[in-house]
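This report covers a sheet and a metal site in one protein chain. Please have the sequence and the model open while reading.

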Amino acid sequence: MEFDLLVRGGTVVDGSGLPGYRADVGVRDGEIVEIGRLRGSAARTIDADGLVVAPGFVDHHTHLDAQMLWDPYGTSEPQHGVTTVVMGNCGLTLAPVHPGGEDAIVQSFVRVEAMPRAALAAGVPWGWRSYGEYLDRLEGRVGINVGGLVGHIAVRHDVLGEEAVERAATPDEVARMRQLVAEALEGGALGMSTNRNDRHFREDGKPVSSRLADDDEFFGLCDVLSELNSGVIETIRGLHQPDHIAWYDHLARRTGRPILWQIVLHRWAEPDLWREQLEGIAPTFQAGYRAYGLTNTVPIVNRFNLRNGQVFDEFRTWKNLMFLPDVVRKQAFADPETRQKLRAEMETPERTVFHRRWDLVRIIKVARPENAGYVGKSVAEMAASRGQDPLDAFLDLSLEEDLETMFWSSNSNGDPEAVGEILRSPYTLVGQSDAGAHVQFDAAFGYGTTLLGEWVRERGVLSLEQAIHKLTFQVASIYGLEDRGLLRPGYAADLAIFDPQTVAAGEPEWAEDYPANTRRLVQPSVGMHYTVVNGQVIYADGALSGDLPGHVLRGSAYTGQPALAR
Ligand SMILES: [Zn+2]
């Protein structure tokens, strides 16, 4: 046999951004060996007529550090064409750790990333110390490729213990942390992540440890990546302030490493912020430094009713009402004077996360059959059809239905023009699936299938070639994944084979596949026919194969030496 796998007759969109072309792809020993009109025999042939053959997607912003230990596919990654994931974002990792230090790490994961504690307790077989040893634990046991950043939170706990959430580090402690970061990179980490988000706490209400780092510590650790000439630096700072851009610029210039910062989104409440962010970071790139803003293809969504909604918590009267018993709240919602107060609060000029636009709040579920016609309409449309003011119509409908009416609201990514500009910017990196996190609130494995279905096919804001470049070669290049993200002879045979006419992400669904019988959301896809990892078909026609061909992808500073004794 000339080939182990032959993908015949598809349109090759190779990740470079060049126009797609009709060709066969031949695979042997896990690598692409030939592309073109191929005549050799093959152990397995895939008919890709009408399908696109692309490099497998790289989901670079995940929190699958724990899940990969019990779910070797990081489900639902393969369903969306993802063949490589990067773990360890936002400062959170399961290593380095010393015996007895595990709970400090778990506390941060459980709160910041909203993971069920019972699942972590039952599913994480602790026993490693260094970051490299953690990666070793995954070697040979994964169905997709994994790489990881070392998390500042774990590094700080390993040196300061519980005092990591209490105080600044001494120069001697900073030196020991620097040693741990170097050891992690030499053990294979693809970079380092940190968390400076002032809304990120542990379960016990204390700030996550990386928030206590002063500049000497923070820049001292980042300098290690510069000294080793290896790895990316991933950061999250929370609410966006103008001085954040200057800080990313400083970090990029100081280290010469690629900086990744969160997040660039179109927001109705601050409709020009994304433009200010992208204009702000342009001089960094023009000067020859890299500081990419992360962006996403899906909106951040609130689904709520007036029994439990938190959407209006920024408005005092609204918030107070939501904490009252239902009976009292219903009386208040019916009272004209209270309505006047609610209306007045919404008309103040302050910036709020809630966009205050009734055309952007939709009705998604009604309790009474006679209201079925409202489903799918905005509150503004529903009010117009009733000849009412929107606030009155919103409250009246809810009262008629005993507060059971379900609404949908989103502040982000609603303006296709703006999202198109953000996606096309050379200074953004697409993907913030947060896979493995917030598992009971949302599942966003499908940011790539959404990019291809909604933003390429339906809205036409990017070409297919540009979109695939964004999902593959761009990410692989920034993360230093040398033989991934392109279809070329000699590159790893990681493939996503899909129908460009139908590819899309499905609605999240509940699954009972987490440890300790905890529930979580998974996400199906449409139109993704095959996912191939290192030459093996792991996903075909809706089913996973059970094979484990994934590799642990290690960074350029990897020495292959066991961790130093500490
Ligand atoms: Zn994250």
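In which sense do β12 and strand β13 pair, and over how many bridges? In this predicted model, β12 and β13 (residues 291–295) are parallel, with four bridges between them. One of the paired positions is Q262, whose bridge partner in β13 is L294. Between these two strands the chain passes through helix α9 (residues 273–286), and the resulting β-α-β crossover is right-handed.

**The sheet**

β12 also pairs with strand β11 (residues 232–236), again parallel and with four bridges. Here T235 stands opposite W261 of β12, and I236 has Q262 in β12 as its bridge partner. The open sheet is made of six strands in the order β9-β10-β11-β12-β13-β17, with parallel pairing. β9 (150–151) and β17 are the edge strands, each pairing on one side only.

Two helices that pack on this sheet are listed below.

| Helix | Strands touched | Angle between directions |
|---|---|---|
| α8 (residues 242–255) | β11, β12 and β13 | about 165° with β12 |
| α9 | β12, β13 and β17 | about 150° with β13 |

In a regular strand, side chains alternate between the two faces of the sheet. For strand β12 (residues 259–262), are the two faces covered or open? Both are covered: I259 and W261 on one side are buried, and so are L260 and Q262 on the other.

**The zinc site**

Which protein atoms are donors of the zinc ion? They are NE2 of H61, NE2 of H63, SG of C90 and OD of D434, at 2.1 to 2.7 Å from the ion. Along the chain, the donors follow the spacing H-x1-H-x26-C-x343-D. H61 and D434 link distant parts of the chain, being 373 residues apart. H61 lies in the loop between β6 (57–59) and α1 (67–70), while D434 lies in the loop between β17 (428–430) and α16 (447–458).

Why is the arrangement of the four donor atoms irregular? The angles they subtend around the zinc ion run from 80 to 170°. Four donors count as tetrahedral if all angles lie between 85 and 135 degrees, so the range of 80 to 170° does not meet that condition.

Burial of two of the donor residues can be judged against a cut-off of under 20% relative accessible area. H61 has a relative accessibility of 0% and therefore counts as buried. D434, with a relative accessible area of 16%, is buried as well.

Terms used: Residues numbered from 1 in each chain as written. Predicted model: local features only at pLDDT ≥ 70, side-chain atom pairs only at ≥ 80, totals over all residues. Heavy atoms only, no water. Buried < 20%, exposed > 50% of the residue type's maximum accessible area, 1.4 Å probe, protein only. Pairing = 2+ DSSP bridges. Right-handed = clockwise from strand over helix to strand, strands pointing away. Donors = N, O, S within 2.8 Å, 3.2 Å for Na, K, Ca; no water. Tetrahedral: all angles 85-135°; square planar, octahedral: opposite > 155°, others 65-115°. Contact = heavy atoms within 4.5 Å. Axes fitted to C-alpha atoms, helices over the stretch in contact; angles between N-to-C directions.
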